[in-house]
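Me: I am new to this structure and would like a close look at a single part of it. Please take one loop residue as the starting place, describe its surroundings with care, and then lead me on to other parts of the model.

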Amino acid sequence: MGDVSAEQGSTALSLHFDETKRAVLVDFTPGEAATPLTEDALRAALAAQGWGALRVLPEALSTLLAADQTSSAVEALCIAEAVDASFRVALSDDQMLARLSLTPAEGGAPVLAEAVLTALTELGVQSGVDQAALAEALAAGMADGVVIARGLAPEHGVDGALEPCQAQPRTRSPKVSESGQVDYRDLGDLLVVHPGDALMRRIPPTAGTPGRTLTGAIVPAQPGKAVVFGADLPGTKRSAEDPDLLVAAITGQPVLRHDGMIVEPVLVIESVSMTSGNIRFEGSVKIKGDVESGMTVSATGDIEVGGVAELATLEAGGNVVVRGGIIGALGRKDGKSSGAPVTRAAVSVEAGYAQNAHIEAGNCIVIDDAAIQCELIAANHIVVGRKKHGCLIGGRHQATLSLTAKEVGSPQRLATVIELGINPAMHRQMLELTKQRDAKETQLLEVSKLLALARQQPGRLPEATVEKARHTAAAIAAAIADLRAQHEEINRKVALSLGARVIATQKIYESVEVHLAGHQFRVPREYEACAVGLDREGRLGLLALDEPPLD
């Protein structure tokens, strides 16, 4: 760097760089009829000599411009100076991150990587420096809290789990997709296990891997939460060789539960008639032949009928499958009496065909062929014609989310009434779930008080009592989670119900009447494939099959 002199009119301006002060000094001699000095002219003079990057001192600049206005001389005024880049390294409170803040140089020296590494060492950083991030920040010349070092985060443990050993255990919970659709797979034959067969394995939680801070301190990992088998799992026992393995204690049907698996006994009989008498069974029932008129089959599990159920009552805590057909008494003089035959399942009902039948299902009803003059009531979906003709003729039907058939109604204009959407029973169910959850939460609070006392005053309570309380608390917490999930499922279904549809994949006939969300629509004439539902304006009427449902 050298000196430069400039003449403006008769004004003398001399700039030179002082190596000792690392600054530009200015000498100024005013003259007559001089052109006034300006900040832009001075900065241009500095830039012309390669000093444009230096920091111009505002006070010195003001002094020089004032001297020009008052025609006062100035000597060795420091007008600009070289400023080195500066930096600051700070550790986060948990000492897991080191951040770099970098102020760029103004004509001075840049920050070197060695200086930053030295600062990290002085802070106690032992490892974890991100050399690439450091190099990138230094190359940019400026940074604001850029992370240049990271500690080793702990890997927290994985929660324990209960994994079924059986490929196809039944579940009492209906499986409905996010869009409200159900997988209508053939329920198939009952899966049977025998004493000693493996049912479910308890996978223990993992402890996790501890981490390390930048300064070398150990960061403990959070261990996974353990799960336990439920206290009441009928038909099962722990394996004598492996306490984490649940095995069958009896011959029966495995049924999946949130806290393990149970085995329901399976009763296999040829047929149900006056000879066999009515069947009431704690488990699942498989009937190879028919259920004859006037007979009743009641089971806490599934009911499977290989033939026809005619004028018979079937009530199941799981699914009902009738390979033949279900023939009821609707339309007869005694068809509405309290003892009239009914088919009722807590989950789903599947039948080859249905005629004059009253059928209720907690999830869905699937009729392979035709349903004639029936009452079908399903919490989610009704499907008629999965495999064969698929005619829904006459009757009154209720479904929350959809009714699908190849043909809905008949050319003879038989009254066919379909009610979609939320029914009063669902509102009652929501209230009951809330009541049950409140009761469980109260129980959990009381058990939690007991466990808190055990922690605060070790040895006051017997260890057996404390262990029992722990298991009870875990079981109650699982029950609360299950009730909450059921409540959320109903809320989701309420939202989905506005998009409920009657879907006729081939034809819908005149006189079909649809009710949804307080609206009523009567099909005025025969139409080809179409749907009935709410349009974007909230009006109930005919829709194209591919028109998306309301959000």
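Reply: In this predicted model, D259 sits in the loop that links β16, residues 252-257, to β17, residues 260-269. Although D259 belongs to a loop, D259 is buried, because its relative accessible area is 14%, and the cut-off for that word is under 20%. Its side chain makes a polar contact, at 3.2 Å, with the side chain of R257, and R257 is the residue at which β16 ends. If neighbours within four places in sequence are left aside, the residues in contact with D259 are L162, V228, F229, G230 and L233. A495, by comparison, is 236 residues from D259 in sequence, and the two C-alpha atoms are 29 Å apart in space.

Another loop residue to set beside D259 is T400, which is found between β31, residues 391-399, and β32. T400 is counted as buried because its relative accessibility is 0%, and its side chain reaches the backbone oxygen of A379 at a distance of 2.5 Å.

The strand that follows this loop, β32, spans residues 402-408 and runs parallel to β30, to which four bridges join it. Strand β30 also pairs in the parallel sense with β28, residues 364-367, again over four bridges. I382 in β30 appears in both pairings, since I365 stands opposite I382 and I382 in turn stands opposite L403 in β32. In a regular strand the side chains alternate between the two faces of the sheet. In β30, residues 381-384, H381 and V383 lie on one side while I382 and V384 lie on the other, and all four are buried, so that both faces of the strand are covered.

A last feature to look at is empty space inside the model. Rolling a probe the size of a water molecule over the atoms shows where such space is left. The structure holds one cavity of 30 Å³ or more, and about 30 Å³ of space lies in the largest cavity. Its lining is made up of A312, I326, I327, G328, P341, V342, T343, A357 and H358. Sorted by class, six of these lining residues are nonpolar and three are polar, while none is charged.

Terms used. Residues are numbered from 1 along each chain as its sequence is written. This is a predicted model: local features need pLDDT of at least 70, side-chain atom pairs count only at pLDDT 80 or more; totals for chains, interfaces and linings use all residues. Side-chain values use heavy atoms; hydrogens and water are left out. Helices (H or I, at least four residues) and strands (E, at least two) are DSSP runs, numbered from the N terminus. Buried means under 20% relative accessible area, exposed over 50%, partly exposed in between (1.4 Å probe, protein chains only). Contact means heavy atoms within 4.5 Å. A polar contact is a pair of N or O atoms within 3.5 Å; within protein, one must be able to donate a hydrogen and the other to accept it, and residues adjacent in sequence count only if both atoms are side-chain atoms. On a 1 Å grid over the protein atoms alone, a cavity is a set of points where a 1.4 Å probe fits but cannot get out, and a pocket is an open set with protein on both sides within 12 Å along at least five of seven lines; lining residues have an atom within 4 Å of a point. Grid points are joined across faces, edges and corners, and a volume is the space filled by probe spheres set on the points. Ala, Val, Leu, Ile, Met, Phe, Trp, Tyr, Cys and Pro count as nonpolar, Asp, Glu, Lys and Arg as charged, and the others, Gly among them, as polar. Two strands pair if DSSP finds at least two bridges between them.
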